[in-house]
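Reader: I'd love a close look at one part here, the surroundings of the ligand. Please take me through them slowly, and then show me how that part fits into the rest of the chain.

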Amino acid sequence: MPARDPERQGERLQKVLARAGLGSRRHCEELIAAGRVTVDGEVAELGRRVDPETARIAVDGVVVGVRPGLVHYLVNKPAGVVTTAHDPQGRPTVLDLVPAEPRVFPVGRLDLDTEGLIICTNDGDLAHRLTHPSHGVDKEYLAQVRGRPSRAALRRLRDGVELDDGPTAPARVTELEPGLLRIVIHEGRNRQVRRMCEAVGHPVLRLVRTRIGPLTDRRLRPGHWRPLTTDEVRALERAAAGPGRR
Ligand code: URA
């Protein structure tokens with residue numbers, strides 16, 4: 001029996017791109033014809049077929065989430081919920097808040113008492129890139145702290161604070177009202193915001209994550225989730241691709 005020609009297997013590239021939200025099939029054909037689409041690092045030609053389960057497809061260098069079966073949820077975690085998949089102490093986990101199938105996992109962590117946005121997905125590739133320190137996706141927090149930090153304390157938070165695992169990178173810190181800070185960091189160290197505030201003498205009383213890279217949602221109620229839109233997944237892909245590609 002003759003071997004099957006791999007070029008004739010799989011789905012047409014423009015169909016896969018269109019399903020991922022890049023526009024009509026016609027438009028996606030134009031993207032391919034313009035040499036803007038790569039498959040596994042090589043510029044694709046019109047007529048190309050791919051296996052969407054395995055192909056790494058990028059448009060203008062930005063990887064497109066095209067694999068069927070991938071889900072991405074934005075969850076608003078309430079306080080008292082853990083972000084590990086299983087809790088030996090039997091406390092509720094963030095995975096109790098989302099559909100059981102397909103199985104997903106939380107991207108990064110929030111402390112038990114921290115509230116706010118967390119992504120749950122089965123997209124290991126994106127999760128890996130979002131949590132990789134070199135990609136530095138911004139995370140924004142609202143921190144209610146004890147007392148009112150002085151200008152010098154705010155400057156220390158901005159410039160970097162010495163913690164027991166090393167100094168923190170510069171942060172964007174705005175005092176929204178006395179004792180209420182908006183803090184934007186791109187590192188993901190354990191209990192980082194709490195430890196930073198503690199180090200300058202203003203322990204955190206309440207901490208809420210309000211943004212992950214390009215993702216915000218002020219209407220998502222605590223304990224609720226929603227799927228990310230295709231545009232949001234693509235925006236996350238861009239953010240995770242690093243500063244040069246934003
Ligand atoms: N910083 C913290 O201190 N806690 C979190 O949950 C997230 C960031």
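Author: Happy to! Let's start with the backbone of Arg191: one of its polar atoms is 3.2 Å from an oxygen atom of the ligand. Before going on, please keep in mind that this is a predicted model, where local features need pLDDT of at least 70 and side-chain atom pairs count only at pLDDT 80 or more, while totals for chains, interfaces and linings use all residues. Residues are numbered from 1 along each chain as its sequence is written, and side-chain values use heavy atoms, without hydrogens and water.

Arg191 makes a polar contact, that is, a pair of N or O atoms within 3.5 Å. Thr114 offers a side chain instead, with a polar atom 3.0 Å from a ligand oxygen. At Arg194 the backbone takes part again, with a polar atom 2.9 Å from an oxygen of the ligand. On its own, the ligand would expose 230 Å², and the protein buries 96% of that (Shrake-Rupley areas, 1.4 Å probe).

Those three residues belong to a shell made up of Leu110, Asp111, Thr114, Tyr141, Arg191, Gln192, Val193, Arg194 and Leu207, each having a heavy atom within 4 Å of the ligand. Sorted by class, 4 of the shell residues are nonpolar, 2 polar and 3 charged, with Tyr counted as nonpolar. Helix H5, residues 192-199, gives the most to this shell, with 3 residues; helices here are DSSP runs of at least four residues, and strands of at least two.

Now let's zoom out. The chain is divided into domain 1 (6-63), domain 2 (72-133 + 215-239) and domain 3 (138-212), with bounds from an automatic or database assignment. Domain 2 and domain 3 each supply at least three residues to the ligand shell. The C-alpha centres of domain 1 and domain 3 are 43 Å apart.

Two backbone details are also worth finding on your screen. Glu101 and Pro102 are joined by a cis peptide bond, with omega about -5°; Pro102 is in the loop between strand E7 (72-77) and strand E8 (105-106). Asp40 has a positive phi, near 50°, although it is not a glycine, and is found in the loop between strand E2 (37-39) and strand E3 (42-43).

Key: A polar contact is a pair of N or O atoms within 3.5 Å; within protein, one must be able to donate a hydrogen and the other to accept it, and residues adjacent in sequence count only if both atoms are side-chain atoms.
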